[in-house]
Amino acid sequence: MSELTQLPAWQRLWDHFADAKQLHMRELFESDPERAERYGLEVGGLFLDYSKNRITDETLQGLMQLAREAGLPERIKSMFKGEKINTTENRAVLHVALRNRTNAPIFVDGEDVMPKVNSVLERMGKFAHAVRSGEWLGYTNQPITDIVNIGIGGSDLGPLMVCSALRPFGHPRMNMHFVSNVDGAQLKETLKKVHSETTLFVVESKTFTTQETLTNALTARDWFLQRARDEKAVAKHFVAVSTNQKAVADFGIDPSNMFEFWDWVGGRYSLWSAIGLPIMLYLGEENFTELLNGAHIMDQHFRNAPFEQNMPVLLAMIGIWYINYFGGGSHVIAPYEQYLHRLPAFIQQLDMESNGKQTRTDGSPVNFETAPIIWGETGINGQHAFFQLLHQGTHISPIDLIASLESRGSLPGHHEILLANVFAQAEAFMRGKTAEEARAELVTQGMKGDALEALVPHKVFAGNRPTNTLLMSFLDPRNLGSLIAAYEHKIFVQGVIWGINSFDQWGVELGKQLAKTIHGELTGKLKAAEHDSSTRRLIQLYRQANKS
Ligand code: F6P
């Protein structure tokens, strides 16, 4: 494996950076009237304007050369071919197979995975149709009105984000609820809103060993049985989605009520699999298929488009430019679309769990930054909260501004205000405000003399702050599918450049192991283990507060 920092393109980019870091985007726009035209790209119903970045043609050429030298073309082929690129778990990485709408065979260990992908999709479709049409009845013969999804991480955030994003497409009878937190408050409050006779619990866990999910599922089952008073009724109200059939059966869910997926689907990449069952229940099979179609459009584009016109590659490599050269370790996701309010949380898991790594695939430590800290909020709310720091703070934090050109069903007069803010923010981040402009503005407001001069430095915005503007024609299943897939591939590309495995998550294990021991100590089932003095004290405080 070639050492990233030894690649000729890596070094050449450092040489270029010495000049490029001095450039101001204002000047880049002034000197090139075609800049927006040249640095814009459309894929399906998604448009990316990447012109408001601190890049030139030379930067882009250097970045694409780096991608080639780091072996990106070969790695893309490996992923789509089903090779076991998740080396630490010896697994293929095939979320692309789940939306492989051409049905061309994809082999894992000599077996074409497409027949089983299609067969699960078909079962999901039939089940979703039965529930939505009212054919599937609860234990008192009433149709289902409420779906409670129990899962966490990838078994929660994907379905939650998509169901929130596509609410206008949801079944009018169906109310969606998502329970992820083992803090009983979430399940308790959810159960207050639903009736046992008309609720379907979908227990989602890739491993079916996740403590939070199993605890919530057991409590939900007890709650249900206290009302139904009939074990047989469970089959009408509990279904499971997992890769672990044995654990599902041990838990007490009939395997005929289980929807399967496979170890080559990563949790955070799983919304396209049976983990998408709540999505299909809410939106219907047709809309779910549209989501897959949208992702497939992006997959094809990613696989075939030259890097210079490849949306995920551009997003990824421009990201590398900031993370590794400018030293910007944070990235903001700002959707200007209320329905996308869970997108920042979803991308946060997708990116940080994938690329939050410090060991390269060959076991050596990295000597450069990897995943940025992903954070965000709906853009318009962010403007009135943390955008101050983004405009005038000391950090460089590129921002993705995401919006829809057309709003279907917004209230009159709202959408144009929203979009005006998107475009204004992108312009403000890029242009900033010079001291001369600030001074002229204060003069027109009637200020003068020392008072005016004292205020000028506070009114200056340096500008030159990078943004990508991602515009959907409108927020529908197809465009959302393309948008999510663009981020998935962006993250894949960055992982390839850094030479890390984006598809394991060993970093979450230590906390889980320690929590098991400490849980035993808190409940008195285990003797006190060796701890540091701080942990001992915290355990003691808990014991004192919960003395019976
Ligand atoms: O602990 C992290 C994690 O394994 C995530 O990667 C995953 O999405 C989540 O927990 C839930 O896991 P499961 O679907 O196996 O319950």
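The residues lining the second largest pocket split into 11 nonpolar, 9 polar and 4 charged. That's a handy place to start looking around this protein, which you have here as a predicted model.

**The second largest pocket**

This pocket has a volume of about 500 Å³. Its lining is made of 24 residues, and E337, Q338, Y339, S407 and S410 are the ones that lie nearest its centre. Two helical stretches to look for are α17 (379–383) and α19 (414–431), each of which supplies at least two lining residues. Of the elements, α19 gives the most, with 4 residues.

Where does the second largest pocket lie with respect to domain 1 and domain 2? It lies between them, because domain 1 (4–70 + 305–431 + 466–504) and domain 2 (96–289) both give residues to its lining.

**The domains**

Besides domain 1 and domain 2, the domain assignment also gives domain 3, at 507–546. If you hop from domain 2 to domain 3, their C-alpha centres turn out to be 33 Å apart.

**The largest pocket**

Now for the largest pocket, with its volume of about 1000 Å³. It has 37 lining residues, and T207, T210, Q505, E509 and K512 sit nearest its centre. The elements that give two or more residues to this lining are α10 (211–228), α16 (343–355) and α23 (509–522). The largest share comes from α23, with 5 residues. As for character, the lining of the largest pocket holds 9 nonpolar, 17 polar and 11 charged residues.

**The ligand**

Next, the ligand. There are 13 residues around it, and G154, S155, S205, T207 and T210 come nearest. You've met two of these names already: T207 and T210 are also among the residues nearest the centre of the largest pocket.

Here are some polar contacts made by oxygen atoms of the ligand:

| Residue | Part of the residue | Distance to a ligand oxygen |
|---|---|---|
| S155 | N or O atom in the side chain | 2.6 Å |
| K206 | backbone N or O atom | 2.7 Å |
| Q349 | polar side-chain atom | 3.3 Å |

So how much of the ligand's accessible area does the protein cover? On its own the ligand has 390 Å² of accessible area, and the protein covers 89% of that.

To wrap up the tour, keep two spots in mind as you turn the model: the second largest pocket between domain 1 and domain 2, and the ligand with G154, S155, S205, T207 and T210 as its nearest residues.

Terms used
Residues are numbered from 1 along each chain as its sequence is written. This is a predicted model: local features need pLDDT of at least 70, side-chain atom pairs count only at pLDDT 80 or more; totals for chains, interfaces and linings use all residues. Side-chain values use heavy atoms; hydrogens and water are left out. On a 1 Å grid over the protein atoms alone, a cavity is a set of points where a 1.4 Å probe fits but cannot get out, and a pocket is an open set with protein on both sides within 12 Å along at least five of seven lines; lining residues have an atom within 4 Å of a point. Grid points are joined across faces, edges and corners, and a volume is the space filled by probe spheres set on the points. Ala, Val, Leu, Ile, Met, Phe, Trp, Tyr, Cys and Pro count as nonpolar, Asp, Glu, Lys and Arg as charged, and the others, Gly among them, as polar. Domain bounds come from an automatic or database domain assignment. A residue is near a molecule or strand if one of its heavy atoms lies within 4 Å of it. A polar contact is a pair of N or O atoms within 3.5 Å; within protein, one must be able to donate a hydrogen and the other to accept it, and residues adjacent in sequence count only if both atoms are side-chain atoms. Accessible areas come from the Shrake-Rupley method with a 1.4 Å probe; for residues, only the protein chains shown count as cover.
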